[in-house]
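Me: Got a new model open here and I'd like to go through it with you. Can we start with the ligand?
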Amino acid sequence: MSDFIPLSAPNLSGNELEYLIDAVKSGWISTSGGRISEFEEKLAQYLKVKKVAAIQSGTAGLHLAMILSGVGHGDEVIVPTLTFIAAVNPARYVGAEPIFMDCDDYLCLDVEKVAEFCETECDFANGRLVNRATNKTIKAVVAVHIFGNMVDMYALMALAQKYNLKVIEDATEALGSYHRETGDFTGTIGDFGVYSFNGNKIITTGGGGAITARNSDLVDRAKYLANQAKDDDVKFVHDEIGYNYRMTNLQAVVGIAQLEQLEQFIATKERNYNAYKAASLNLLDFQDSVRSNRWFYSLVTDKRDELLDKLKANGIQSRPIWNLIHTLRPYKHCQSYMLTKAVEYWQKLVNIPCSTTLTTREIDYIVSKIL
Ligand SMILES: Cc1ncc(COP(=O)(O)O)c(C=O)c1O
């Protein structure tokens with residue numbers, strides 16, 4: 001057993017190296033190369049969607065989703081406060097302001113509170129939802145599927161239809177989670193869905209991401225914008241402002257190898273989660289209605305800081321959940337609505353090691369130290 005157990009390590013035990021060697025030998029290492037489209041096709045097939053665009057990061061995908069949702073200067077966007085900051089910053093990239101919302105008992109956006117906010121704090125007329133406090137138009141909602149859970153997407157979509165809002169699903173942490181009854185994967189229900197393949201995610205490409213959209217023409221638009229809005233390959237014609245957001249062929253081959261193992265990773269995540277639970281650790285539940293990818297395990301404790309220190313002293317990496325975004329300097333001045341659960345959970349959750357590479361011995365050791 002190693003003397004340091006990381007929180008979430010990548011598992012590169014499949015065909016990653018073999019495919020990388022082939023890619024390097026072929027010379028296709030950058031943003032051209034056939035394996036990028038192969039990765040896109042395989043991911044689209046897995047998600048049961050028409051098209052996916054492979055990009056440089058989840059953050060880039062959320063930025064593109066904001067642009068393609070028509071969010072711009074002076075608009076507002078509903079976001080959760082309990083999330084990673086990359087889910088919120090893209091609103092600012094396009095000049096919009098966030099309004100912070102609470103979470104439910106699965107740490108996901110509380111859709112009932114969002115509905116209540118729209119109902120009681122806003123006016124809806126001529127297809128525009130106007131925030132009475134600021135007189136600004138609310139254009140979109142960012143629904144983050146925290147730790148592999150799923151936002152109540154069906155209620156949110158009904159709300160979005162009622163108030164003419166775009167829904168951007170941040171499924172960066174939830175690739176592979178789906179609703180058991182409908183079979184819909186996270187990221188495929190809203191207007192846009194974004195995935196991350198950062199090093200700590202359920203599958204990784206080192207860094208990387210993907211975007212999909214209900215209207216598949218918008219996936220083509222995302223690809224176009226991600227590729228410097230290049231209208232003519234030879235003559236360098238660009239009719240719009242684009243971005244350098246495309247995934248590389250090297251990342252794509254790692255992604256292909258990782259996708260081959262995704263279901264196996266999810267099964268391992270579930271087995272490890274059950275082992276912790278069987279050892280009486282007080283872990284937060286995942287929803288019964290969702291086949292969750294069980295990306296991160298959150299331990300509920302009244303002794304958060306003490307536990308973090310003790311685990312660190314014993315070579316076990318653990319983390320509190322993120323500081324709530326509405327408390328951070330760039331966002332302190334922003335509006336928030338009835339935040340209660342997010343504050344409670346923030347105080348008492350510690351994420352514990354959840355890598356698919358964890359051994360039974362390591363799990364036993366972690367459990368013994370926590371207990
Ligand atoms: C909720 C959430 N949103 C966005 C991101 C950003 O993804 P990336 O690191 O690929 O830019 C992450 C993870 O890093 C995340 O956890």
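Reply: Sure. Keep in mind that this is a predicted model. A good place to begin is Lys-201, which has a polar side-chain atom 3.0 Å from an oxygen atom of the ligand.

Me: How much of the ligand's accessible area does the protein cover?
Reply: The protein covers 92% of it, out of the 380 Å² that the ligand has on its own.

Me: And what distance separates the polar side-chain atom of Thr-59 from an oxygen atom of the ligand?
Reply: That one is 2.5 Å. There's also Thr-172, where an N or O atom in the side chain sits 3.2 Å from a nitrogen atom of the ligand.

Me: How many residues surround the ligand, and which are the closest?
Reply: The ligand has 15 residues around it. Thr-59, Asp-170, Glu-173, Ser-196 and Lys-201 are the closest.

Me: How does that shell divide into nonpolar, polar and charged?
Reply: Eight of the shell residues are polar, four are nonpolar and three are charged.

Me: Which helix gives the largest share of the shell?
Reply: That's helix α3, residues 58–68, which contributes three residues.

Me: Where does the ligand sit in terms of pockets?
Reply: The space it takes up is the largest pocket.

Me: OK, switching topic. How many salt bridges do you count?
Reply: The count is 18. One to look at is between the side chains of Lys-341 and Asp-105, with 3.1 Å from N to O.

Me: Which parts of the chain does that pair link?
Reply: Distant ones: the two residues are 236 residues apart. Lys-341 belongs to helix α11 (residues 341–348), while Asp-105 is in the loop between β3 (97–101) and α5 (111–121).

Me: Last thing, backbone angles. What's phi for Asn-164?
Reply: It's near 55°, so to speak a positive phi in a residue other than glycine.

Me: And where is Asn-164 found?
Reply: In the loop between α6 (153–163) and β7 (166–170).

Me: What about Arg-294, what's its phi and where does it lie?
Reply: Arg-294 isn't a glycine either, yet its phi is positive, at about 50°. You'll find Arg-294 in the loop between β11 (290–291) and β12 (297–300).

Technical notes:
Residues are numbered from 1 along each chain as its sequence is written. This is a predicted model: local features need pLDDT of at least 70, side-chain atom pairs count only at pLDDT 80 or more; totals for chains, interfaces and linings use all residues. Side-chain values use heavy atoms; hydrogens and water are left out. A residue is near a molecule or strand if one of its heavy atoms lies within 4 Å of it. A polar contact is a pair of N or O atoms within 3.5 Å; within protein, one must be able to donate a hydrogen and the other to accept it, and residues adjacent in sequence count only if both atoms are side-chain atoms. Accessible areas come from the Shrake-Rupley method with a 1.4 Å probe; for residues, only the protein chains shown count as cover. On a 1 Å grid over the protein atoms alone, a cavity is a set of points where a 1.4 Å probe fits but cannot get out, and a pocket is an open set with protein on both sides within 12 Å along at least five of seven lines; lining residues have an atom within 4 Å of a point. A molecule sits in a cavity or pocket if more than half of its atoms lie within 2 Å of its grid points. Helices (H or I, at least four residues) and strands (E, at least two) are DSSP runs, numbered from the N terminus. Ala, Val, Leu, Ile, Met, Phe, Trp, Tyr, Cys and Pro count as nonpolar, Asp, Glu, Lys and Arg as charged, and the others, Gly among them, as polar. A salt bridge is a side-chain nitrogen of Lys or Arg within 4 Å of a carboxyl oxygen of Asp or Glu.
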